[in-house]
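Q: Hey, I'm new to this one. Can you walk me through it?

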Amino acid sequence: MSGIRIIEFPKCKMLSSGYCRMDEKPFAEGGKLQQFEKCWKEYDKKRTDKWFMRDFIMHGEEEQSLIWYYALPDDAVVDFDYEIIDFEGGLYASDVAILGNADDESRVYRNIKEWIKSNDLFEIDERHGHYDLSHGIQTEWLEKAMGYMQLEIYVPIKLSTV
């Protein structure tokens with residue numbers, strides 16, 4: 001299977017940063033995504049479960065645009081200035097790349113897409129609001145030990161109709 005795994009994300013409510021373009025420097029101090037990260041990380045400190053990640057970045061419909069999501073627990077009570085969206089969930093094929101290494105991220109993304117295309121069971125399921133996701137695995141002590149952080153890349157798939 002060449003490192004590809006299939007996961008199913010459940011339907012859920014997600015806090016949304018809204019779209020922003022990379023030329024807006026969204027991760028810079030005071031940038032839109034940096035502000036969103038502060039917000040969800042503060043909320044995340046209250047979680048009693050730490051079994052899985054809740055934040056995902058999705059590349060937008062426009063080139064060089066991003067949106068950041070934070071999956072809310074079913075019983076979430078939130079008072080944020082961010083939109084809450086209905087995430088439809090679904091199947092995703094995933095693999096891990098070196099975070100911040102554009103060549104490795106591209107290689108892994110291409111490998112996932114090639115694996116899907118060569119697989120008779122699945123096909124790509126990209127459509128409006130349902131695109132590739134990624135999650136940065138950013139544990140400081142692990143980054144220090146490994147020398148890099150990991151980026152899990154998710155490509156939406158569905159069972160093939162062929």
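A: Sure, starting with a smaller space: about 220 Å³ lies in the second largest pocket. A pocket is an open set of points on a 1 Å grid over the protein atoms alone, where a 1.4 Å probe fits, with protein on both sides within 12 Å along at least five of seven lines. The volume is the space filled by probe spheres set on the points.

Q: Which residues are the closest to the centre of the second largest pocket?
A: Phe9, Pro10, Cys12, Phe52 and Ala71, out of 14 lining residues, and lining means having an atom within 4 Å of a point.

Q: How do the residues of that lining divide into nonpolar, polar and charged?
A: The second largest pocket has 11 nonpolar, no polar and three charged. Asp, Glu, Lys and Arg count as charged, and Gly is among the polar ones.

Q: Is this model something I should read with any caveats?
A: It's a predicted model, where local features need pLDDT of at least 70 and side-chain atom pairs 80 or more, while totals for chains, interfaces and linings use all residues. Residues are numbered from 1 along each chain, and side-chain values use heavy atoms, leaving out hydrogens and water.

Q: What volume does the largest pocket have?
A: About 1,100 Å³. Among the residues closest to its centre are Ile57 and Leu99. Strand 9 gives the most to the lining, five residues; strands here are DSSP runs of E, at least two residues, and helices are runs of H or I, at least four.

Q: New topic: which residues touch the most other members in the largest nonpolar core?
A: Phe9, Met14, Tyr69, Phe87, Leu133 and Tyr154, in a core of 15 residues. Such a core joins buried nonpolar residues through side-chain atoms within 4.5 Å, and buried means under 20% relative accessible area with a 1.4 Å probe, protein chains only. Strand 5 gives the most to this core, with three residues.

Q: What does Phe87 touch?
A: Leaving out residues up to four places away in sequence, Phe87 touches Phe9, Pro10, Lys11, Cys12, Met14, Tyr92 and Leu133. Contact means heavy atoms within 4.5 Å.

Q: And leucine 33, buried or exposed?
A: Leucine 33 counts as buried because its relative accessibility is 0%. This residue lies in helix 1, and what covers the buried residues of helix 1 includes strand 2 and strand 4.

Note on methods: Buried means under 20% relative accessible area, exposed over 50%, partly exposed in between (1.4 Å probe, protein chains only).
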